[in-house]
Amino acid sequence: MDWHLGHAIAYTSKISPWFLESRKSFLQWSVLDSYYTAVSSSGAALFAEKVDFYKLQNGSDIRGVAVAGVEGEPVTLTESVTEAIAAGFAAWLLEKKKPSASKRLRVSIGHDSRISAQTLQDAVSRGISGAGLDVIQYGLASTPAMFNSTITEDEEFCCPVDGSIMITASHLPYNRNGFKFFTNAGGLGKPDIKDILTRAASIYEKVAVECIGHSEKAPVTVKRVDYMSIYTSNLVKAVRKAAGNIEKPLEGFHIIVDAGNGAGGFFPGMVLEPLGALTVGSQFLDPDGLFPNHIPNPEDKAAMKAITQAVLENKADLGIIFDTDVDRSAAVDSTGCELNRNRLIALMAAIVLEQHPGTTIVTDSVTSDGLTTFIEKKLGGKHHRFKRGYKNVIDEAIRLNSIGVESHLAIETSGHGALKENHWLDDGAYLMVKLLNKLASARASGVGGGSKVLTDLVEGLEEPAVAVELRIKIDQNHPDLKGGSFREYGEAMIKHLENKADSDPKLQKAPVNYEGVRVSGCGGWFLLRLSLHDPVLPLNIEAPSTEDAVKLGLFVLSTAKEFSALDTSALEKFVQSS
Ligand SMILES: O=P(O)(O)OC[C@H]1O[C@H](O)[C@H](O)[C@@H](O)[C@@H]1O
């Protein structure tokens, strides 16, 4: 593992000459012009292959295929595309920060455990460095640590950086990869990503193919910094402080971690053990980009089963599981009860509402009715059910605060969660620190019972007997789309379903809803919405019995059947087999 590198080691990497040529003046689009001059003067040809950069946008991230070999999935994140994207980010950052002529901006680069990480890290470094910015490489890191590096004040570690790039595709298969970008204002949003891709496309088009592919790469200096040591020591300090400045507040607790061979393997050795916890039985801590054990994803059934089994076998007090880049997490108590999805939100809401009575908890759209009752009736808070997407919930919480509605927690059923006290940073490790604080402070005040203190906090949360998510695919090439986009098609289906629900006396449309159509009936509810990224209509159904869930499913199916471009097989299977 790569966690204990000495910090701030300068080393040399290779960079394309066309990037080096363009180091002089770097405000706004001047970066493009200088690239172009460099290339033209070498008399090189333009790229032969056309790249649709916009297809690489995935909400507020960039994602693509980085490893060849999977049928039907050609590589889209090539080294040259990656260099151009990094250069696009550099140009965007220069325009935002407008540094004085004497100041060089610096950008930190980290990656998760994917097998393409090293290649992409080198390409990103070339793109950034060639644009005249300093590159600080962190190696294996978590997404939240990358954002943190934009706000840490510590010159010894070259912090704060002006911008940060995390190379990750979260829980997606091994052949994918992608980028998340940060400044001290937080993660970049969709319009910024589009802007960066526009710049990247122009840069790419103006650069000759042999310059990237065949020319000798000139050396460039980058720095390597062991930033994870600062990031984790801050997590350790936070738990110690919450426990009343006790050095080892978790002494006597047995807490195990499942990192799914992602980037979260640091947590037992660098957070839990310094706090005194026993971590024997932790599993899949070594990074392995082929994810041989299970997908690192707290929403994945196999992943949750793996950590639950480990907790029970080791008779541990608590289990913790992270996704690949540690911006999502979940827990398991000592009895094997999963604390993920609605339960994790209920638990976090209980902790936050103890500190901030009456505050508004912002969640994604697929949260249960039982959660609303729990937050509002049991905890005395407000539940603001918003849209799916971690960036959406965080931005909404920030917006609410700006108009005078106090909110301290924005959290999704996916395990993404951000707290106001932690700069609205979407951090799976910090969510778990809040649980550790609870354990530690209970111990400090003499309360025993291990993780029962956590389980007790979600007591009274009503949970449906049946909760499913079915994904209805839209065939984008189907003639029924009549040349329109899958979004228009999906929205037409949603509107039609809404109208049908309106005219059915047994069903009731949710009075306040921010995406898709949410309908109550048969003692339960369903929500049909458009996926954030894919040509898919995800359908969530929750009901008190299978029979009721099937009734709701049949209602949606009858409407879906009128839209011939929809692949309703998952829904049909559900209503038939249930
Ligand atoms: O809309 P979907 O396809 O269900 O995807 C929704 C999910 O996409 C990504 O994984 C985001 O990181 C999540 O924040 C979001 O909830």
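This is a short walk through two sheets, one cavity and two local backbone features of a predicted model.

Let me start with the record. UniProt, in an unreviewed entry, lists "domain: Alpha-D-phosphohexomutase alpha/beta/alpha" at residues 59-202, 231-336 and 341-442. I have composition for two of those stretches. Residues 59-202 are 36% helix and 23% strand. The end C-alpha atoms of that stretch are 21 Å apart. Residues 341-442 are 52% helix and 18% strand. There the end C-alpha atoms are 24 Å apart.

Now the five-stranded sheet. What is its strand order? It reads E15-E14-E16-E17-E18. The sheet is open, and the pairing is mixed. Strand E15, residues 382-385, sits at one edge, and strand E18, residues 425-426, is the other edge strand. Each of these pairs on one side only.

Take the E14 and E15 pair. Strand E14 covers residues 360-363. Four bridges join E14 to E15, and the two run parallel. For a landmark, find Val 362, which stands opposite His 384 in E15.

Two helices pack on this sheet. Helix H11, residues 341-355, touches E14, strand E16 (407-411) and strand E17 (417-419). The direction of H11 makes about 165° with that of E16. Helix H12, residues 369-378, touches E14 and E15. For H12, the angle with the direction of E15 is about 150°.

Next, the four-stranded sheet. This one is also open, with mixed pairing and the order E10-E11-E12-E13. Why is one side of E10 and of E13 left without a neighbour in the sheet? Strand E10 (255-258) and strand E13 (338-339) stand at the edges, and each has a single partner strand, so one side stays free of a sheet neighbour.

E10 is joined to strand E11, residues 318-322, by four bridges. Those two strands run parallel. Here the landmark is Val 257, opposite Ile 320 in E11. Helix H14 packs on this sheet, touching E10, E11 and strand E12 (329-333). The H14 direction makes about 170° with that of E11.

Keep H14 in view, and turn to the cavities. How many cavities of 30 Å³ or more does the structure hold? Two. I will look at the second largest, with about 30 Å³ of space. Which helix gives the most to its lining? Helix H14, residues 428-444, with three residues. The full lining is Phe 253, Leu 439, Ala 442, Arg 443, Val 447, Gly 448, Gly 449, Gly 450 and Val 453. By class, that lining has five nonpolar, three polar and one charged residues. So H14 both packs on the four-stranded sheet and contributes to this lining.

Last, two backbone points to check on screen. The peptide bond from Cys 159 to Pro 160 is cis, with omega near 0°. Pro 160 lies in the loop between helix H5 (143-148) and strand E6 (163-167). The other point is Ser 170. Is its phi positive or negative? Positive, at about 50°, although Ser 170 is not a glycine. Ser 170 is in the loop between E6 and strand E7 (176-183).

Methods. Residues are numbered from 1 along each chain as its sequence is written. This is a predicted model: local features need pLDDT of at least 70, side-chain atom pairs count only at pLDDT 80 or more; totals for chains, interfaces and linings use all residues. Side-chain values use heavy atoms; hydrogens and water are left out. On a 1 Å grid over the protein atoms alone, a cavity is a set of points where a 1.4 Å probe fits but cannot get out, and a pocket is an open set with protein on both sides within 12 Å along at least five of seven lines; lining residues have an atom within 4 Å of a point. Grid points are joined across faces, edges and corners, and a volume is the space filled by probe spheres set on the points. Ala, Val, Leu, Ile, Met, Phe, Trp, Tyr, Cys and Pro count as nonpolar, Asp, Glu, Lys and Arg as charged, and the others, Gly among them, as polar. UniProt positions are given in the numbering used here, feature names are shortened, and annotations may be inferred rather than shown by experiment. Two strands pair if DSSP finds at least two bridges between them. Contact means heavy atoms within 4.5 Å. Axes are lines fitted to C-alpha atoms, for helices over the stretch in contact, and angles run from 0 to 180 degrees between N-to-C directions.
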